[in-house]
Amino acid sequence: MSVFGIFFGPIPEIFWSVYSGQPFFECIECCVPLIESNTFVIQKKFVGDEAVFEMAMCERCREKMVTEYSEETRQNISRYIREQFDKLSAEHTEGSEAALTQITELRQIEDPEEGAALLEQCIEYCIVCGAKRADCHRYSLTGLCRDEEIVAQVTPIGRTPLMVCDKCESGMSDLVSQQTRDSWDRFMARHFDGPPGVEIDSPTTYPIAF
Ligand SMILES: [Zn+2]
Ligand SMILES: [Zn+2]
């Protein structure tokens with residue numbers, strides 16, 4: 001029962017900063033207010049109900065970071081997610097191939113209720129294995145925002161925001177090259193003090209990689 005479309009709505013609280021109790025305000029890297037960026041990305045990692053990692057990054061810094069990732073990692077991860085997503089869509093959508101060729105333009109959803117449903121479709125299930133978020137003890141969420149809105153978008157080949165369970169994230173660690181790992185470790189050392197209480201491993205970064 002996949003619905004395709006794009007929706008712009010208020011940023012849900014789950015994508016707010018737990019630290020400030022408000023929506024993210026500035027880029028973690030360059031400290032420029034996010035509102036000044038064309039788009040920005042929010043990433044959070046949860047253990048149970050608790051957010052153990054959170055950050056928001058402006059478009060420019062994100063692009064810069066992605067170029068630091070090795071080409072190999074980028075390709076591996078995009079391919080992996082694409083394959084998994086295709087598998088899931090094929091299971092859930094009848095005639096998904098037909099849908100693929102038919103969609104030329106993404107429908108913009110105006111109805112807030114329909115938009116909320118689209119958003120939920122994105123964050124309530126692991127994009128890789130389809131596990132329910134409520135059943136996952138550890139997972140990460142990544143969302144794309146524009147101004148003060150979150151962009152919810154579901155297409156036959158991908159979706160945003162997205163949720164990935166811990167199991168799938170671990171399964172992806174082989175796809176991450178040493179170069180990417182080092183780049184991520186440098187980033188973490190720059191912005192977060194000392195060793196974090198939970199392992200924030202490199203695979204966490206994959207959503208930013210595509
Ligand atoms: Zn920035
Ligand atoms: Zn999963």
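**Exercise 1.** Which residue in strand 4 does Val47 stand opposite?

*Solution.* The model is predicted: local features need pLDDT of at least 70, side-chain atom pairs count only at pLDDT 80 or more, and totals for chains, interfaces and linings use all residues. Residues are numbered from 1 along each chain as its sequence is written, and chains are lettered from A and ligands numbered from 1 in the order in which they are written. Strands (E, at least two residues) and helices (H or I, at least four) are DSSP runs, numbered from the N terminus. Strands pair if DSSP finds at least two bridges between them. Strand 2 and strand 4 run antiparallel, joined by eight bridges. Within this pair, Val47 stands opposite Arg138.

**Exercise 2.** Describe the other pairing of strand 2, with strand 3.

*Solution.* Eight bridges join these antiparallel strands. Phe46 stands opposite Ala51 in strand 3. Two residues lie between the strands of this hairpin, where Gly48 takes a positive phi near 60°.

**Exercise 3.** On which side or sides of helix 4 do its buried residues lie?

*Solution.* Helix 4 covers residues 112-123. A residue is buried if 20 or more other C-beta atoms, placed from the backbone, lie within 10 Å of its own. In helix 4 these are Gly115, Leu118, Leu119, Cys122 and Ile123. They lie on the same side of helix 4, because they cover an arc of only 125° around the axis, the arc being that of the directions from the helix axis to the C-beta atoms. Their cover includes strand 1 (5-10) and strand 4 (138-146).

Notes: The expected span of a helix is 1.5 Å times one less than its number of residues. A residue is buried if 20 or more other C-beta atoms lie within 10 Å of its own, exposed if 12 or fewer, and partly exposed in between; C-beta atoms are placed from the backbone. Two residues are in contact if their C-beta atoms, placed from the backbone, lie within 7 Å.
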